[in-house]
Amino acid sequence: MGGFNPIRIQSMTTIDTMDTLGSVEQTIRMVDAGCEYVRITAPSIKEAQNLAEIKKELKQRGYDVPLIADIHFTPNAAELAARLVEKVRVNPGNYADKKRFETIAYTDADYEAELERIRIKFTPLVKICKEYGTAMRIGTNHGSLSDRIMSRYGDTPLGMVESALEFLRICEDLHYYDIVLSMKASNPQVMIQAYRLLVQKLDEEGLQPYPLHLGVTEAGDGEDGRIKSAVGIGTLLEDGLGDTIRVSLTEEPEAEVPVAKALADRYAHRKGDPIPEMTHYPINPFSYNRRLSQEVKNIGGSNVPRVIADFTSREAITPASLFALGYQYAVALDKWNITDMACDYVWAGDQLIDFEIPGTLGIIYNYSTWRRQTNDSAFPMMEVKDYLENQRLSPSLNFIRVQLRDIDDRLVSKINQDNTVVLVIETNNGHGMAEQRRLFVELLNRDCHVPVIIHRTYDGLTADEFQLYSATDMGGLLIDGLGDGLLISAKGCSPDKKINETAFTILQATRTRISKTEYISCPSCGRTLFDLQETTAMIRSRTNHLKGIKIGIMGCIVNGPGEMADADYGYVGSGPGRITLYRGKEVVKRNVPSGQAVDELISLIREDGKWVELEIVNT
Ligand code: SF4
């Protein structure tokens with residue numbers, strides 16, 4: 001791992017570690033799917049010991065995949081596992097500390113004494129790893145930072161980085177370097193900032209450039225989990241960071257592997273055109289700041305990013321065509337119903353729309369077609385030369401398609417004085433995200449505040465590749481505050497409905513526009529106390545209309561509450577058939593029988609006045 005090796009793919013078993021054959025068979029399924037390292041939880045000495053049995057059985061079946069013992073809270077299990085398997089993962093938030101959710105005011109002397117306490121507890125493991133040639137991951141989780149780190153640095157990327165560095169410095173003092181680092185969070189924005197900051201701090205402190213293990217924790221399942229993972233992992237891969245990846249989905253671990261491979265393989269042979277160098281980078285990669293843009297109609301300024309659907313290649317556009325874009329026509333009421341994922345504009349190209357459209361929807365025509373019609377809610381999509389040469393423009397909103405090479409003094413000085421322009425930025429570069437980021441740099445350096453729609457075109461991709469690549473390409477820009485809207489052209493890659501949903505899910509994953517409930521569900525492991533996939537699906541089916549609410553669904557009470565991060569409500573396994581419910585970090589109902597727990601969760605949301613009945617808005 002690391003250096004010039006390919007990006008390695010890994011995942012984690014979900015079977016009880018004491019079930020030797022079950023663990024072996026699941027490991028084999030994961031390896032056969034393409035997994036290169038397999039992590040197995042070792043919550044106590046007995047599971048750590050059983051790793052030897054699992055390893056032996058795997059060897060007998062011809063599998064020598066490196067195994068990683070996953071440790072939380074139990075140094076004795078780590079010290080045993082380090083003698084048996086290739087790598088141990090320690091969580092610096094709980095290796096030497098128990099979480100009490102306390103804020104403690106440390107003097108510098110107290111803090112130093114704490115570090116000394118960690119050193120004493122952690123040193124034996126480092127020495128064993130050195131002696132046995134065992135590797136180690138120091139894996140920080142945003143949701144399980146120690147009270148010490150939280151008290152001094154807060155719940156921040158800097159706190160996450162410092163949490164790992166406390167342990168890393170001890171390793172380097174002991175001349176132990178077989179280390180990989182991770183900075184996982186369920187919020188891709190936090191996770192991206194933490195990894196970037198880690199790299200910066202390693203460099204500043206003169207520490208080794210250790211390999212990075214990338215992952216978004218508790219990403220959830222299905223489309224949401226895949227898109228969230230792609231935004232987090234993909235953005236960092238675009239930055240050139242990352243040596244091994246684990247996609248955490250609330251699904252079977254072998255289902256994670258193709259997603260991880262699709263993300264990694266994209267960089268194996270990618271070719272692109274050179275991007276002009278820059279001397280000044282005006283974007284802070286460690287914190288979120290939305291690029292300042294002026295408001296043009298409902299785009300830019302403080303408006304949520306807009307979604308534009310590409311219908312330019314459709315043969316005909318009818319009212320039914322809009323059903324895929326989040327609009328439904330209620331015949332009895334003669335009204336359009338708008339859902340939370342209704343797109344804002346449709347780019348119709350040269351197809352004239354001759355029926356009454358929903359009041360919230362804008363139509364965009366190609367410039368020559370736009371010139372021939374008089375509809376007030378229609379706007380032109382023009383090339384740069386149309387804009388520079390023609391006098392006839394919409395009085396309120398004009399879209400101009402540009403690439404990086406088009407951004408020059410003449411164009412910028414004209415658009416800077418025009419409060420009707422929105423740029424639609426495009427790229428043909430294999431390194432499209434980097435080129436579009438470069439275009440934003442050009443606009444920032446030229447003090448240009450024109451709103452920008454990010455347009456990407458995909459061709460010849462599978463539906464899964466389309467979802468992951470678009471989430472990387474556009475999510476990577478939105479996460480840095482770049483972009484006032486999305487336009488995705490992906491004819492043949494995915495149906496219109498899926499393309500529209502993908503755009504909204506990317507906005508949700510980057511937390512730039514919330515249109516649905518967010519689920520922070522753990523991927524499950526040998527500690528899990530209920531069927532996570534089934535339970536997540538059941539909770540989702542009853543709550544997925546609660547726009548903006550975050551629900552954590554966690555398999556165990558040992559790590560679950562810590563790892564729910566910023567969930568508003570938590571549904572956590574606390575014993576066989578028992579669930580404990582949380583409001584934020586506070587326990588509100590303990591050990592509810594699992595048959596009643598979803599109803600109790602809904603009552604809790606109702607009590608808080610956050611429950612809404614499922615409804616559709618008419619226009
Ligand atoms: S929260 Fe889920 S993945 Fe994490 S340790 Fe508990 S059961 Fe395993």
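Hi everyone. Let's start with two aromatic residues: F530 is buried, and Y571 is buried as well. The model we are looking at is a predicted one, so please keep that in mind as I walk you through it.

How do the rings of F530 and Y571 sit relative to each other? Their centres are 5.7 Å apart and their planes are at 90°, so this pair is edge-to-face. The pair also links distant parts of the chain. F530 is in the loop between strand 19 (518-521) and helix 16 (532-543), while Y571 belongs to strand 21 (residues 569-575), and 41 residues separate the two.

If you haven't met ring pairs before, here is the general idea. Two numbers describe a pair of aromatic rings: how far apart the centres are, and the angle between the planes.

So how many aromatic pairs are there? The count comes to twelve. One of them is Y367 with W370, and this pair is stacked, with 6.0 Å from centre to centre and 20° between the planes. Here the partners are neighbours on a helix: both Y367 and W370 lie in helix 10 (residues 367-371), three residues apart, which is about one turn of the helix. Are they buried or exposed? Y367 has a relative accessible area of 6%, so Y367 is buried. W370 has a relative accessible area of 5%, so W370 is buried too.

W370 has another partner to show you. R392 lies over the face of W370, at 4.5 Å from the ring centre. You can find a similar arrangement elsewhere, where R152 lies over the face of Y111, at 3.9 Å from the ring centre. And before we leave the rings, have a look at F323, Y327, Y329 and W336, which form one aromatic cluster.

Now to the cysteines. As a reminder, a disulfide is a covalent bond joining the sulfur atoms of two cysteines. How many disulfides does the structure hold? The answer is zero. Take C171 as an example: C171 is in no disulfide, and the nearest cysteine sulfur, that of C129, is 8.1 Å away. A disulfide would need the two sulfur atoms within 2.5 Å. C171 has 0% relative accessibility, so C171 counts as buried. C556 is at 9% relative accessibility, so C556 counts as buried as well.

Next, a proline I'd like you to find on the screen. Where is P43? P43 has its place in the loop between strand 2 (37-41) and helix 2 (45-60). With a relative accessible area of 17%, P43 is buried, because the cut-off for buried is under 20%. P43 and I71 are 28 residues apart in sequence, and in space they are 6.2 Å apart, C-alpha to C-alpha. Leaving aside residues up to four places away in sequence, P43 touches T74 and R527.

Let's turn to empty space. Rolling a probe the size of a water molecule over the atoms shows where such space is left. Searching the whole structure gives three cavities of 30 Å³ or more. The largest cavity holds about 310 Å³ of space. Of the 28 residues that line the largest cavity, M12, H72, E218, P523 and E563 are the closest to its centre. Which elements supply at least two residues each of that lining? They are strand 2, strand 5 (135-141), strand 6 (179-184) and helix 17 (560-563). Strand 5 gives the largest share of the lining of the largest cavity, with four residues.

There are pockets to look at as well. The second largest pocket has a volume of about 390 Å³. Among the 19 residues lining the second largest pocket, L212, G240, L241, G242 and D243 are the closest to its centre. Helix 7 (residues 188-205) provides the largest share of the lining of the second largest pocket, three residues.

I'll end with two backbone angles. D447 has a phi near 55°, a positive value in a residue other than glycine. D447 lies in the loop between helix 13 (432-445) and strand 17 (452-457). Its relative accessible area is 54%, so D447 is exposed. S524 also has a positive phi, near 75°, and is a residue other than glycine. S524 lies in the loop between strand 19 and helix 16. At 13% relative accessibility, S524 counts as buried. Thanks for listening!

Terms used. Residues numbered from 1 in each chain as written. Predicted model: local features only at pLDDT ≥ 70, side-chain atom pairs only at ≥ 80, totals over all residues. Heavy atoms only, no water. Phe/Tyr/Trp six-rings, centres within 6.5 Å; stacked < 30°, edge-to-face > 60°. Buried < 20%, exposed > 50% of the residue type's maximum accessible area, 1.4 Å probe, protein only. Lys NZ or Arg CZ within 6 Å of the ring centre and 35° of its normal. Contact = heavy atoms within 4.5 Å. 1 Å grid on protein atoms, 1.4 Å probe; cavity = no way out; pocket = protein on both sides within 12 Å on 5 of 7 lines; lining within 4 Å. Points joined across faces, edges and corners; volume = space filled by probe spheres on them.
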